[in-house]
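Trainee: Please choose one part of this model and take me through it closely, explaining each term as it comes up.

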Amino acid sequence: MLSLLGRALRNRRAGQRALAWARPGLQAPEIFSVTSSAFEHEAQIPEAHRGRLLGDNISPALAWTPPPAVAVELILVVQDADAPGASPATHALTIGIDPALSGIPENGLSHPSPIPGLRHGRGPFGRRGWAGPLPLPSHGPHTYAFQLFAVDRRLDLPESFTLEAALNAMENRVVARARLDGTFEIR
């Protein structure tokens, strides 16, 4: 049944232009980089990092080069640009990342986070923390954009913040950004 739905919606996708990355107020130089020991840029995300219904739902380890010295906080937004709707699906929304850190270990995006200071916003269905890839079967390959933004001030957001609240708070405060894309498909 889900495979039929996936095939029916195969040409419906939010698209790259709907990602946080494309938002005009979040544009900044790409002067640092983000990588993962779990997968290469534009390569398949391993099964261990899949969504909770079909996998272990363990967030992949992430590492980055130093952001600019003016960065006060890093924000991670992981979105599925190929979700079959008008908006990308959000798979992680994390603020409060210390720019002095050089990365987040595997499963560091769990809720609550084992890393002091990290705060997770509400994702799909009110969930917080990592929600691994779980595309519709037969919908085709999905691209998951790990978008890391360096901002010049701390985001002052309530405990139950949303993606829209975080993006609005980041508006015109991004001093640098980095991106890593991974793919996933259920046939």
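Mentor: What follows is a close look at one helix and its surroundings.

The model is a predicted one, in which local features need pLDDT of at least 70 and side-chain atom pairs count only at pLDDT 80 or more, while totals for chains, interfaces and linings use all residues. Residues are numbered from 1 along each chain as its sequence is written, and side-chain values use heavy atoms, with hydrogens and water left out.

Let us start with helix H2, which spans residues 163–170; helices (H or I, at least four residues) and strands (E, at least two) are DSSP runs, numbered from the N terminus. Buried means under 20% relative accessible area and exposed over 50%, with partly exposed in between (1.4 Å probe, protein chains only). In H2, the buried residues are Leu163, Ala166, Leu167, Ala169 and Met170. Looking down the helix axis, one finds these residues within an arc of 160°, so they line one face of H2; the arc is that of the directions from the helix axis to the C-beta atoms. Among the elements that cover these buried residues are strand E4 (73–80), strand E5 (89–97), strand E8 (142–151) and strand E9 (174–184). After H2 comes Asn172, whose phi is positive, near 60°.

The covering strands bring us to a sheet, where two strands pair if DSSP finds at least two bridges between them. Six strands make up this open sheet, in the order E2-E9-E8-E4-E5-E7, and their pairing is mixed. At its edges stand E2 and strand E7 (119–120), each with a single partner strand, so one side of each has no neighbour in the sheet. E7 pairs with E5 in the antiparallel sense over two bridges, and His120 in E7 is the bridge partner of Thr94.

Several of these strands also take part in a nonpolar core, which is a set of buried Ala, Val, Leu, Ile, Met, Phe, Trp, Tyr and Cys residues joined through side-chain atoms within 4.5 Å. The largest such core has 26 residues, and those with the most contacts inside it are Phe32, Trp64, Leu76, Ile97, Phe146 and Leu148. Two or more residues of this core come from each of E3, E4, E5, E8 and E9. A second, separate core of 22 residues includes Ala169, together with Leu19, Ala28 and Ile95, and Ala169 is also one of the buried residues of H2. In soluble globular proteins, nonpolar side chains tend to be buried together.

Which residues does Phe32 touch, leaving aside its neighbours within four places in sequence? If contact means heavy atoms within 4.5 Å, the partners of Phe32 are Trp64, Thr65, Pro66, Pro67, Leu74, Leu148, Ala150, Ala176, Arg177 and Ala178.

Finally, consider the loops on either side of the edge strand E2 (43–44). Glu42 lies in the loop between E1 and E2, has a positive phi of about 65° although it is not a glycine, and counts as exposed at 56% relative accessibility. Asn57 lies in the loop between E2 and E3, and its phi is also positive, near 55°, whereas its relative accessibility of 9% makes it buried. His49 is placed in the loop between E2 and E3 and is buried at 2% relative accessibility; beyond its neighbours within four places in sequence, the contacts of His49 include Ile58, Glu106 and Trp130.
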